[in-house]
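Work through the exercises below with the model open beside you. Try each task before you read its solution.

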Amino acid sequence: MVFVDGTRILAAVSRDLIATMTLKRLTVVLLACLTLSACGGVDPNSPLGQRKAIFKQMLNNSENLGGMLRGRIPFDGAKFAEGAVKLDALSHEPWKHFPSVREEDHTSAKDDVWQKQARFQEMARNLETATGELVIASQVQPYKAGNLGPAVQKVEDACTACHKQFRDH
Ligand code: HEC
């Protein structure tokens, strides 16, 4: 009798334990989902997550620079020059986060990134050249917004050219 009761108690305890563990496991899964942008989203530490983050910073940066030239943001030559240096540094960063095999999900990079590596790399170098030239143009003093249009245009063209060929919209 005592034995049977003991087993019952044990069974009850282990049921509770299993319930608690399942709950804990669920919590872990839920938390993991929350740290991703959405459940089933992109892991920010993955190569894809990292290059997306860099591209976003590049966009913010180049929009600020373009904004200063187009009058959306007041022109400040020193700030512009600083932004150009940042954009130039960022423009060297995304490429190493393209792994040797394309991800299955969530990427908007076309297959061609992998099929036409030489062309892709060439367009990456074009951007780096353009941002390098922007840095030089931005350091010419006295600062003048009027001098910077062509250099910014060249950067924006380098973004667009690559997206047309290598990014799905
Ligand atoms: C050599 C090619 C290339 C150049 C140059 C390039 N990009 Fe991209 N960009 C890509 C590819 C490929 C993707 C898609 C990445 C992915 O989803 O795997 C992308 C994605 C992006 C995204 C979307 C990120 C996201 O959250 O999905 C933004 C924003 C972006 N690029 C901005 C820029 C800006 C701004 C420039 C220029 C300053 C630029 N890119 C230059 C190839 C390029």
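The exercises go from the overall fold to single residues.

The model is predicted, so local features are given only at pLDDT of at least 70, side-chain atom pairs count only at pLDDT 80 or more, and totals for chains, interfaces and linings use all residues. Residues are numbered from 1 along each chain as its sequence is written.

**Exercise 1. The fold**

Task: State how many helices and strands the protein has, and give the order of its elements.

Solution.
- Start with the terms: helices (H or I, at least four residues) and strands (E, at least two) are DSSP runs, numbered from the N terminus.
- Count them. The protein has six helices and zero strands.
- Read from the N terminus on: the order is α-α-α-α-α-α.
- Now look at burial. A residue is buried if 20 or more other C-beta atoms lie within 10 Å of its own, exposed if 12 or fewer, and partly exposed in between, with C-beta atoms placed from the backbone.
- Of the 169 residues in the protein, 16% are buried.
- Finish with contacts. Two residues are in contact if their C-beta atoms, placed from the backbone, lie within 7 Å.
- Take the contacts with a separation of 6 or more: 70% of them join residues 24 or more positions apart.

**Exercise 2. The nonpolar core**

Task: Find the largest nonpolar core and say which elements build it.

Solution.
- A nonpolar core is a set of buried Ala, Val, Leu, Ile, Met, Phe, Trp, Tyr and Cys residues joined through C-beta atoms within 7 Å.
- The largest one has 16 residues. Those with the most contacts inside it are Leu65, Phe80, Ala84, Leu87, Leu134, Val152 and Val155.
- Two or more residues each come from H2, helix H3 (77-90), H5 and H6.
- H3 supplies the largest share of this core, five residues.
- Zoom in on Ala84. Leaving aside neighbours within four places in sequence, Ala84 is in contact with Leu65, Leu134, Val135 and Ser138.
- Link this to a general trend: in soluble globular proteins, nonpolar side chains tend to be buried together.

**Exercise 3. Two helices that pack**

Task: Describe how H2 and H6 pack, and which residues meet.

Solution.
- Take the geometry first. The angle between H2 and H6 is about 145°, and their axes are 11 Å apart. Axes are lines fitted to C-alpha atoms, for helices over the stretch in contact, and angles run from 0 to 180 degrees between N-to-C directions.
- Next, list the residues. H2 brings Ser62, Leu65, Gly66 and Leu69, which meet Gly149, Val152, Val155 and Glu156 of H6.
- Sort them by type: four are nonpolar, three polar and one charged. Here Ala, Val, Leu, Ile, Met, Phe, Trp, Tyr, Cys and Pro count as nonpolar, Asp, Glu, Lys and Arg as charged, and the others, Gly among them, as polar.

**Exercise 4. Around the ligand**

Task: Say how many residues surround the ligand, and which are the closest.

Solution.
- A residue is near a molecule if its C-beta atom, placed from the backbone, lies within 6 Å of it.
- By this rule 23 residues surround the ligand, and the closest are Phe55, Thr107, Ala109, Cys159 and Cys162.
- Helix H2 (47-70), helix H5 (117-138) and helix H6 (149-166) give two or more residues each to this shell.
- H2 gives the most, with eight residues.
- By type, the shell has 15 nonpolar, four polar and four charged residues.

**Exercise 5. Single residues**

Task: Is Phe120 buried or exposed, and why?

Solution.
- Locate Phe120: it lies in helix H5.
- Phe120 counts as buried because it has 20 C-beta neighbours inside 10 Å.
- Not counting residues up to four places away in sequence, Phe120 touches Val113 and Phe166.

Task: Find what is unusual in the backbone at His106 and Pro142.

Solution.
- Recall the rule: most residues other than glycine have a negative phi, and most peptide bonds are trans.
- His106, in the loop between H3 and helix H4 (112-115), has a positive phi near 70°.
- Pro142 lies in the loop between H5 and H6. The peptide bond from Gln141 to Pro142 is cis, with omega near -5°.
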